[in-house]
Amino acid sequence: MGQMDSVVGSSPLLEAENLSKRFGGVHALKGVSLTLLPSEVLALAGDNGAGKSTLIKIISGVHHADGGSLRYAGKEMKFDNPHQARDCGIETIYQDLALADNLDVGANVFLGREPVRRIFGLPMVDRRLMREEAEKTLRALDIHIHRLSSPIGSLSGGQRQSVAIGRAIHWKARVLIMDEPTAALGVPEQRKVMELIANLKGSGVGIIFISHNLIDIFQVSDRIMVLRRGSKVGEVRTSETNPDEIVRLMVGG
Amino acid sequence: MTTTEAVPNVSRQIRWLDFLAAFRAWLFLGILLVTFEIWAHAEYNSTFFLNPFNVKSIAIFTVTPLLLGLGQTFVIISGGIDLSVGFTMGLSAVVTAHVFNWGTQFGSPVLSLVLAVLTGLGIAVVPGVINGMLIADLRVPPFIGTLGMYGVARGVAFLLARGTTVPVQNALIGAIGNGEIAGFPNLVLLTVAILAMMHYILSQTRYGQHIYAIGGNVNAALRAGINVRNDTVVLYILSSLTAGCAGILYTAKFSAGAAQAGEPVLLDSIAAVVIGGASLFGGSGTVIGTVIGALIIAVIQYGLVFVNVEPFWQFVAVGVVIIISVLVDQIQKQVGKDGANG
């Protein structure tokens, strides 16, 4: 087994084979395969309607594939809903971040999984534990938020993004899917989120990263996969390509 | 990733406004009490809130709007509204009176009281379940769904009451409704018990936490695995149940059930929730806030009568307080947002 262990580190976290999906008459995904390694950032590029969203929604359990297979950590998987995927460690961060602006950082990190302690037999949500645990996770990611007990709505876009990422990491996500994480941010904040993604690679998390922004893609990704009209039209190492080539693949010129 | 703190004077302004927004209801209540106290002294050389009779009257007066506003607080925090509570209360009051009268044939007033209370609560659950399913399953907007239920409950309540009030033919229920324990009216004690329970549910349980999440961002709640559908149905059942409690207490207080028991109080109850700091857009509000809100309305109404002002001024005063409450809320939110972005 000792020999196996050394291989495990680089064996794929996620292997999708020939995934396809139809919505009525629209063939949204036509047999797309994807591999994701630990500590790797895979960028998905493609124009609107290329199938990027459909692909990540199949991986995260939102949609069922009509054909193809999905292996996660070496095991065949079929997710009936996003919760199953999440429980396995596949976490998706959507553009709207899925944060409740009226709740504080701790409550957001523990949303839907609040710890409870008993006082005189009455179950009570343990807010202090939530705050402390959230702070611990964020600090480990080098995220510093001073107003931990204020509602999240009062934080900046980049801070909110990092809370969403921190939440995923807190719940032991091994695959992190990010849909346009920088789209709504100002330039300095975009840079900070990019730094955070680079940090995450160090912890062994595999990241699938959707973006329209080629600068972001080239800054942070290891590989780039290009989709067009539901098909994979290219997959290249980031170090071996350039933005012109990616754009050509995207538009099919 | 390091945060740069907001410019000091901006953050001081925000903190000041946060404080004002958080405690505005207490502030209003304090100002009102002091005003009426001075007024009563100056004009009639008597005391207003140091008089136990006045305090007791205000407390009893607060019971109905508070109970209606209590479930409403939960609903409003979730981003909904329940317009049907006024007539759910009437329905419950009428049914409680009927069942109590019917139960007296068994010869035990206690038995018929138990039956009446259980049926009164049971009948209140019906509009709650229907509201919840309309809103959670059929995606009817809460305003419309509960407005429809407002009409249905109203009609059924008046039909059951045959268009009149239903007097209770045994002294027991009236004795409870007007009795006191150690100087505290039973109605107020029962209401405090219900309040404590609802406060616990909202502020301490996971369910309460999920209500805030649903009101803050329903998609976030869904993605976090919160059962928004079931939670929503429970929400409207809770709202109906507190309205049912109000109906039962009404019947106990007046020894008669009336279909229109809650009608004049509906808007006051929503006002109490809003004055208490809840946002009609959902996501914020507390039970304590609603208590203070209901007390503010009661003090205005009772106080103006006490100092002999024409009763119509009550409407003006309550209206002004509602508007000021919402304005403070909006200004605070706007400044808070500018602070975060700037």
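The following dialogue examines how terms are applied to a predicted model of chains A and B.

Tutor: This is a predicted model, in which local features need pLDDT of at least 70 and side-chain atom pairs count only at pLDDT 80 or more, while totals for chains, interfaces and linings use all residues. Residues are numbered from 1 along each chain as its sequence is written, chains are lettered from A and ligands numbered from 1 in the order in which they are written, and side-chain values use heavy atoms, with hydrogens and water left out.

Student: Why is T96(B) called buried or exposed?

Tutor: The term buried means under 20% relative accessible area, exposed means over 50%, and partly exposed lies in between (1.4 Å probe, protein chains only). T96(B) has 0% relative accessibility and therefore counts as buried. This residue is placed in helix α3 of chain B, where helices (H or I, at least four residues) and strands (E, at least two) are DSSP runs, numbered from the N terminus.

Student: What does T96(B) touch?

Tutor: Contact means heavy atoms within 4.5 Å. Not counting residues up to four places away in sequence, T96(B) touches A116(B), G120(B), I173(B), I248(B) and T251(B).

Student: Which class does T146(B) fall into, buried or exposed?

Tutor: T146(B), in helix α5 (residues 142–160) of chain B, is at 0% relative accessibility and so counts as buried. With residues up to four places away in sequence left out, its contacts include I81(B), D82(B), N131(B) and Y236(B).

Student: What makes the buried residues of α6(B) lie on the same side of the helix?

Tutor: The buried residues of helix α6 (residues 171–178) of chain B are I173(B), G174(B) and G177(B). They cover an arc of only 95 degrees around the axis, which puts them on the same side of α6(B); the arc is that of the directions from the helix axis to the C-beta atoms. Their cover includes α3 (85–103), α4 (109–136), α7 (186–204) and α10 (228–254) of chain B.

Student: Which polar contact is found at the start of α6(B)?

Tutor: A polar contact is a pair of N or O atoms within 3.5 Å; within protein, one must be able to donate a hydrogen and the other to accept it, and residues adjacent in sequence count only if both atoms are side-chain atoms. A side-chain oxygen of N170(B) comes to within 2.8 Å of the backbone nitrogen of L172(B).

Student: Why are β2(A) and β5(A) said to stand at the edges?

Tutor: Chain A has an open sheet of four strands in the order β2-β1-β4-β5, with antiparallel pairing. β2 (26–36) and β5 (75–77) of chain A each have a single partner strand, so one side of each is left without a neighbour in the sheet. Direction ignored, neighbouring strands of this sheet are turned by 30 degrees against each other on average; axes are lines fitted to C-alpha atoms, for helices over the stretch in contact, and angles run from 0 to 180 degrees between N-to-C directions. Helix α2 (residues 52–59) of chain A packs on the sheet and touches β1 (14–23), β2 and β4 of chain A, its direction making about 60 degrees with that of β2(A).

Student: How do you know that β4(A) and β5(A) pair?

Tutor: Two strands pair if DSSP finds at least two bridges between them. Strand β4 (residues 67–72) of chain A is joined to β5(A) by three bridges, and the two run antiparallel. The bridge partner of Y72(A) in β5(A) is K75(A).

Student: What is notable about A73(A)?

Tutor: A73(A), in the loop between β4 and β5 of chain A, has a positive phi of about 50 degrees although it is not a glycine. Its relative accessible area is 38%, so A73(A) is partly exposed.

Student: How do you know that β7(A) and β8(A) pair, and what lies in their turn?

Tutor: Strands β7 (residues 116–119) and β8 (residues 122–125) of chain A pair in the antiparallel sense over four bridges. They form a hairpin with two residues between them, and F120(A) in the turn has a positive phi of about 50 degrees. At a relative accessible area of 85%, F120(A) is exposed.

Student: How much area do chain A and chain B bury between them?

Tutor: Buried area is the accessible area (1.4 Å probe) that two parts lose on being put together, summed over both. For chain A and chain B this is about 2,600 Å², 52% of it on carbon and sulfur atoms. N102(A), E114(A) and R127(A) supply 17% of the area that chain A buries against chain B, more than any other three residues. In terms of contacts, 34 residues of chain A meet 25 residues of chain B.
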